[in-house]
Amino acid sequence: MTYWEAILTLHTHFRLSNKRAKTWQANNVAKYLYYVLAVFLYGYMAWIGTELARLTAMENLGGYRFIYALLPLLLFFDYIFRYTTDHRLLMYIRPYQLLPLPKHTYTDYLIIRQLVHIKNTYLLFLCVPFGIKTIVPELGALAMTGYTIGLYLLLLVNGQFFQLTQVLTARRLYYWLIPILVYLSIAATAFFFPSAQDYIHRCARIGNAMMKGDVWIYVMVILLLVLLILLNRKILYRHIYKELYATSQTTGSQNSLSLSFFERFNQIGEYLKLETWAILRNKRLRLVFILDTVSIALFCVLILINPENDPIETHSFLYYCFIIYGLAFLTRIMCYEGNYFECLLMQRHSIQTLLLAKYYFYSALLLIPLLIFLPAVILGKISMWEILAYTLFSAGVCYRILFQMAIYNKVTFSMNTTHTGKTSSSPHLHIIVTAVVILSALPIISLGTWWLKLPALSNTILSILGIIFIVTHRRWITGISRQMKEKQHEQLEGFKKSR
């Protein structure tokens, strides 16, 4: 078998393995939902690009040059986003090492697969609409072509850097310093300029060179890409053979996570460990958590760079950022625990303790949006009272509504699934609860912010309602666990059937 025949054979086998996967064959609904969500995500990124173009037209931000000033931040988000869509494939290559294939076939296939994958174009859905509205009217279609090609080459470089660091960080924890130092160094260059305008104009020189088709800038980027490919090839080759001869004992000792901090909370601490391990080890939960966190950070950036924030959009998206973790995880509460629901029933008060641990865990996750929005509070874009009100309301009222789903969910989810088409035993109830949570705060926000022009009134009402349910959380969680105990046989039968 020749080199290219081996490459094509590997590609065929990988494509067929994806189609033959049980999750792909069984969950037709999930496939179509995935496509719908992908279209929604691309449309959302295109909307962000057009909004950025509108902002640069309104303010003195350098027009189309502003996108080059944002490149370090965009490339960092692209790097983080790749962790939600990319997975290590070295373990799938191991069986082919027993075959007499050319030496670097495996590594070259992984590199080629990464270079031609559609994930390298995700960021273009944001940058191209921005360029169409800012570059084409000013410089024409030819400059737009150079702009697109230059950005695509940078995304290829970013993809190779991601693949390189992904393999290294899987082996040693301290390799995480490489991406951290690289992106921090790129971002730190902005502090060496006397003003933001100087920084924007300096970044624009690189962009103008790409749009004009200057050979030197393309030679530098392509050279960097080639160097990363060669380095990636060498490291992949070395680690493929390490995967072959690595023992399970060594791997287990490196990847173990004790979370001994939670041991001081006794049985609740053990359930807190389970919640943490679920997000760290379950592919689907990890993907959802990263996407939600990136979405919150992106919205915070939009608030910071937008000089005139629309109050309706700001309050709606701000509220959604605080309930996004609950909507993502708590609407399917107890579905993963359905794998060991019988064990929970055998111990007294175990379900109540589990629900308490879940409440404390997801209430603690609300600190993430709270901390992310602190820069916007410091710069005066939003008030501290607003984000505190949304935090209290989400931890109180919204979580009270979402925890009710623990009684009605009767479908077991696999502990290591990437995605699934199952939602619950009552999909309509799942949709209704989600809609109620999203709409629950809007009448209160409308009353004080838009009708009476008293935002403090809305924040006060939201906070009071949230505090009431937070203070009484043990009472209503006990009520939920009691109802689950009454319906335990019905739930147990549903969990067993769906395994």
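**A tour of aromatic pairs and a pocket**

Begin by selecting F322 and Y390, both of which are buried. The structure on screen is a predicted model. Next, display the rings of these two residues: F322 and Y390 form a tilted aromatic pair, with 6.4 Å from centre to centre and 35 degrees between the planes. Now colour helix α16 (residues 311–329), which holds F322, and helix α21 (residues 384–403), which holds Y390; the pair therefore ties together parts that are 68 residues apart in sequence.

Widen the selection to F40, Y44, W47, F299, F317, Y319, F322, F373, Y390 and F393, which ring pairs link into a cluster. The count for the model comes to 28 aromatic pairs.

For another of these pairs, select F161 and Y183. Their ring centres are 5.9 Å apart and their planes stand at 70 degrees; because an angle over 60 degrees counts as edge-to-face, the pair belongs to that class. F161 is in helix α9 and Y183 in helix α10, so that distant parts of the chain, 22 residues apart, are linked. Both F161 and Y183 are buried.

Proceed to the second largest pocket, whose volume is about 750 Å³. Select L71, L75, L154, I186 and I206, which are the closest to its centre among the 23 residues of the lining. Then show the elements that give two or more residues to this lining: α5 (71–85), α9 (141–169), α10 (177–188), α11 (196–212) and α12 (215–245). Which element gives the most to the lining of the second largest pocket? It is α11, with 6 residues. Finally, colour the lining by residue type: 19 residues are nonpolar, 2 are polar and 2 are charged.

Key: Residues numbered from 1 in each chain as written. Predicted model: local features only at pLDDT ≥ 70, side-chain atom pairs only at ≥ 80, totals over all residues. Heavy atoms only, no water. 1 Å grid on protein atoms, 1.4 Å probe; cavity = no way out; pocket = protein on both sides within 12 Å on 5 of 7 lines; lining within 4 Å. Points joined across faces, edges and corners; volume = space filled by probe spheres on them. Helix = DSSP H or I, 4+ residues; strand = E, 2+ residues; numbered from the N terminus. Nonpolar A, V, L, I, M, F, W, Y, C, P; charged D, E, K, R; others polar. Phe/Tyr/Trp six-rings, centres within 6.5 Å; stacked < 30°, edge-to-face > 60°. Buried < 20%, exposed > 50% of the residue type's maximum accessible area, 1.4 Å probe, protein only.
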